[in-house]
Amino acid sequence: MKTKLLQIFEQYKGDYVSGATMSEQLNCSRTAIWKHIKELRNVGYEIHSSPGRGYKIVKKAEGVRPYEISLYKNTKKIGNELTYVESTDSTQRIAREKVAASVAEGHVIIANEQTKGRGRLGRTWYTTRDTSIAMSIILRPIIPPEHAPQLTLLTAVAVVRAIEKTTALQCDIKWPNDILINNKKVVGILTEMQAEADMVTAVMVGIGVNVNEQLRDIQDDITHIATSLALEKGVEISRAQLIASILAEFEQLYYLFLKEGFSVIRPLWEAHCTTIGSYIYAKTVQDERYGFVKGITEDGGLILVDENGDNHHIYSANIEIAHNKE
Ligand code: BTN
């Protein structure tokens, strides 16, 4: 109902819409319309009302509630079911509970604020209220567990495409899944999996995007390595629109991947990846290495050539670019 109400306001492009028009188009009473207007006001929409003329929106809330995302969403399965929470410790924790409750593939959890976001390698992911995207997508792919990391790379491609389409900013991927703009991180992706011996039972893809943060919102210790889309673009970005775009790009790539395998995703990922062709320092749990990155393996690992010319396949590491090939 609220999606339709917001659509009507969009159609009138900032003009007044009468209560009678709304109740006719939505097939409900004027009292019901008034109740929804009140609820929209409560979540931050500024709506003027004028006797005889009706209502007009003077300021949108730019939230990420299901009815705001539905305004832009055009996917069939991914995001068909949306769980929205105003604040949570981690959408990945909720995703785990939803998996245990047998929700369908494509269920998405979105939080307006995340207080203990989980990052890769046990790190913390900071998510500020009203400005970030913190979401988790639940998948139930029929793939062996060793192929699950490919979904991380696929997600990176989907998010890059969505950001480039929504903002026209150019993004780079740093292996395996950091998305950078002008060498600073704007997106983090964390893929967690549940599996039996030889088959995945569920994958939870967590996506965190710094969207409308200003410098004051970014933790002091990471301002040299982190940025937001708004800081790079100089204007605010609609989070709901970006989420809908991420879901659309993800859906397209995910079903292509299930049909054709990773070989179709790999070149798309490589085209954005700045790690390939660079000299890097890689710190894994067991050791640390310097070397030249020759490419990625079929299952998404880095192929690193050390100073002796020996190849190493790295699947989990913190990497730093030492310098480029040229
Ligand atoms: C990284 O370390 O780069 C990955 C960060 C992933 C953060 C996202 S935010 C939504 C989801 N919920 C979490 O707790 N983490 C992921």
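**Exercise 1.** Determine how helix 1 and helix 3 are oriented to each other, given that they prove roughly perpendicular (65 to 115 degrees).

*Solution.* The model is predicted: local features need pLDDT of at least 70, side-chain atom pairs count only at pLDDT 80 or more, and totals for chains, interfaces and linings use all residues. Residues are numbered from 1 along each chain as its sequence is written, and side-chain values use heavy atoms, without hydrogens and water.

Step 1. Helices are DSSP runs (H or I, at least four residues), as strands are (E, at least two), numbered from the N terminus.

Step 2. The packing angle of helix 1 and helix 3 is about 85°, and their axes lie 11 Å apart. Axes are lines fitted to C-alpha atoms, for helices over the stretch in contact, and angles run from 0 to 180 degrees between N-to-C directions.

Step 3. Helix 1 makes the contact (heavy atoms within 4.5 Å) through Lys 2, Leu 5, Leu 6 and Phe 9, and helix 3 through Ile 33, His 36, Ile 37, Glu 39 and Leu 40.

**Exercise 2.** Establish which residues of helix 2 are buried and where they lie around its axis.

*Solution.* Step 1. Within residues 19-26, Gly 19, Met 22, Ser 23 and Leu 26 are buried, that is, under 20% relative accessible area (1.4 Å probe, protein chains only).

Step 2. These residues span an arc of only 95° around the axis, so they are on the same side of helix 2. The arc is that of the directions from the helix axis to the C-beta atoms.

Step 3. Their cover includes helix 1 (2-11), helix 3 (30-42) and strand 2 (54-59).

Step 4. After helix 2 comes Asn 27, with a positive phi near 55°.

Technical notes
Buried < 20%, exposed > 50% of the residue type's maximum accessible area, 1.4 Å probe, protein only.
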